[in-house]
Amino acid sequence: MKLYVTVATRIRALIDESVLRPGDKVFSVREASLKYKVSISTVIKAYELLEQEGVIYSHPQSGYYVSQRQPPSRKPHAAAAPARQLTQVELVLSTLRSIRESGTIPLGSPFPDAQLFPVKKIRNYENALNADNGDWGVLNDLPPGNESLRQQIAKRYLDVGMDVSPRDIVITHGATEAISLCLQAVAKAGDTIAVEAPGYYALANAVERMGMKVAEVRTHPEEGMELDALQALMENVQIAAVLLTANFQNPQGSVMPDAKKQALVNLLAAKRIPLIEDDVYQELYFADAPPLPIKAYDKDGLVLHCASFSKSLAPGYQVGWALPGQYREKVEKLMFLNSLSIPSAPQIAIAKFMKRSSHALHLRHLRHMLKSNYVLIKAAVEAHFPAGTRISHPGGGYVVWLELPVGVDALDLYGLCIAKGISIAPGALFSRRGELRNFIRLNFSHPWTPTIEQAVKEVGTLARGLLAAQP
């Protein structure tokens with residue numbers, strides 16, 4: 001290998017491992033020459049190679065910087081253990097690791113593309129706090145969280161006709177902590193929590209992490225949790241709480257109709273059973289108006305509503321919140337005992353962005369792009385997947401749920417895709433029952449490029465090959 005190629009490879013590795021991140025300045029030519037003990041001309045040739053590959057770019061009179069988006073290498077990945085030999089947790093970890101590998105096409109990612117969000121603007125607000133000490137301090141870190149942020153969140157609910165007081169809100173380390181705190185507030189180890197099936201694996205994992213038991217409830221592909229199935233479960237098992245996503249459920253994208261939300265609240269209120277609502281996707285709607293949270297129908301304080309900014313505004317900041325209803329004081333106390341506090345700077349930075357910047361414009365742009373991407377991925381699936389493939393019709397969010405012909409095993413398809421450098425989420429991730437063997441979930445949040453389109457086509461081609469191989 002030529003010496004300049006070796007230097008380029010070492011710098012590329014630093015970028016692949018996120019030691020150097022998009023926007024970071026790369027070593028100057030002289031620094032790299034000293035660091036790698038090569039000539040300046042060798043470094044220049046290495047940087048020219050990285051520029052040609054789109055990994056870095058030069059800025060006149062300033063130097064070289066890491067590009068905002070790295071081009072996927074599409075190199076075949078090393079063979080892993082057969083997916084069917086993995087437990088559900090191992091399969092989740094395997095999927096997440098595959099997404100992190102350089103060059104993987106992240107169709108199986110549970111996260112939205114970070115490039116969709118105004119992170120730079122929010123970071124500028126955060127950096128400016130160093131010269132604005134009057135706005136924050138240790139006391140602002142303590143639960144229930146920064147008052148300015150809670151005021152902005154309360155205003156957010158006015159858009160859906162909900163009157164929420166900042167005093168009702170407890171700021172948390174993201175929605176996952178909000179859900180965990182709410183689970184601790186309403187149940188104890190050994191209790192049974194009803195969850196959706198298929199449903200997002202992180203919710204069931206949160207239940208089990210608390211030492212509680214998971215009871216899966218059948219979920220309609222368009223209308224959410226089936227109330228007759230829930231009622232039948234409640235008649236046979238003592239349920240401590242229900243945990244679900246009513247708006248743009250993951251993985252199906254379903255939205256529970258308003259009448260059904262009201263009926264669910266009434267059903268649980270009659271038995272004094274609390275409901276924990278995961279509403280992180282609520283602002284990612286495709287229609288003209290957002291759907292109502294289940295919390296809007298809660299008159300008894302039995303709905304513990306959880307949300308965050310991770311899917312709509314600031315994915316890396318891990319700032320979420322809970323509206324715990326009658327359990328508010330208990331959740332605030334648990335927050336204090338579990339985490340003591342969360343940093344003020346991210347809270348204030350987000351609050352300043354919501355107050356001073358065009359938050360509404362950002363959300364409109366985000367929703368428009370996601371809706372457009374859904375139209376494109378739907379057309380690609382219909383064109384390239386086996387006949388008989390059924391695709392969900394989400395009203396928002398950034399994932400689609402595919403039912404493949406019965407002859408296509410999603411775990412086999414998963415393994416073939418990983419070998420091609422493409423990540424998908426097999427249906428086995430979304431239920432404890434070992435069902436959903438011919439289902440997959442795809443992410444459409446990334447900009448629709450020829451690379452993404454080709455990856456979707458390739459998944460469809462592999463699925464057709466598996467179907468044709470059936471006796």
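Hi everyone, a word on classes before the tour: Ala, Val, Leu, Ile, Met, Phe, Trp, Tyr, Cys and Pro count as nonpolar, Asp, Glu, Lys and Arg as charged, and the others, Gly among them, as polar. What we have here is a predicted model, so local features need pLDDT of at least 70 and side-chain atom pairs count only at pLDDT 80 or more, while totals for chains, interfaces and linings use all residues. Residues are numbered from 1 along each chain as its sequence is written, and side-chain values use heavy atoms, with hydrogens and water left out.

Let's begin with the sheets. Helices (H or I, at least four residues) and strands (E, at least two) are DSSP runs, numbered from the N terminus, and two strands pair if DSSP finds at least two bridges between them. Eight strands make an open sheet with mixed pairing, in the order 3-10-9-8-7-4-5-6. Strand 3 (170-172) and strand 6 (224-225) are at its edges, and because each has a single partner strand, one side of each is left without a neighbour in the sheet. Further in, strand 8 (residues 275-278) runs parallel to strand 9 (residues 303-308), and four bridges join them. Ile-276, for instance, has Leu-304 of strand 9 as its bridge partner.

Two helices to show you on this sheet. Contact here means heavy atoms within 4.5 Å, and axes are lines fitted to C-alpha atoms, for helices over the stretch in contact, with angles from 0 to 180 degrees between N-to-C directions. Helix 7 (residues 147-158) packs on the sheet and touches strand 3, strand 9 and strand 10 (320-323), its direction making about 65° with that of strand 10. Helix 8 also packs on the sheet, touching strand 3, strand 4, strand 7 (239-244), strand 8, strand 9 and strand 10, and its direction makes about 165° with that of strand 9.

Helix 8 (residues 174-186) has a helical partner too: its axis and that of helix 12 (residues 328-339) come within 9 Å and cross at roughly 115°. Residues making this contact include Leu-181 and Cys-182 of helix 8, and Leu-334 and Met-335 of helix 12. By class, the contact has six nonpolar, three polar and two charged residues.

Next, the empty space inside. On a 1 Å grid over the protein atoms alone, a cavity is a set of points where a 1.4 Å probe fits but cannot get out, and lining residues have an atom within 4 Å of a point. Grid points are joined across faces, edges and corners, and a volume is the space filled by probe spheres set on the points. There are four cavities of 30 Å³ or more, and the largest holds about 90 Å³. Which residues are the closest to its centre? Of the 14 that line the largest cavity, they are Val-195, Glu-196, Gly-199, Tyr-200 and Ala-204. The lining divides into eight nonpolar, three polar and three charged residues. Strand 4 (192-197) and helix 9 (201-209) each supply at least two of them, and helix 9 gives the most, with three.

Now for some backbone details. Most residues other than glycine have a negative phi, and most peptide bonds are trans. Ala-197 and Pro-198 are joined by a cis peptide bond with omega about 0°, and Pro-198 sits in the loop between strand 4 and helix 9. Another cis bond runs from Pro-143 to Pro-144, with omega near 10°; Pro-144 is in the loop between helix 6 (138-141) and helix 7. Lys-37, which is not a glycine, has a positive phi of about 60°, and its place is the loop between helix 2 (29-36) and helix 3 (40-52).

Finally, an open sheet of four strands has antiparallel pairing and the order 11-12-14-13.

Definitions and conventions: On a 1 Å grid over the protein atoms alone, a cavity is a set of points where a 1.4 Å probe fits but cannot get out, and a pocket is an open set with protein on both sides within 12 Å along at least five of seven lines; lining residues have an atom within 4 Å of a point.
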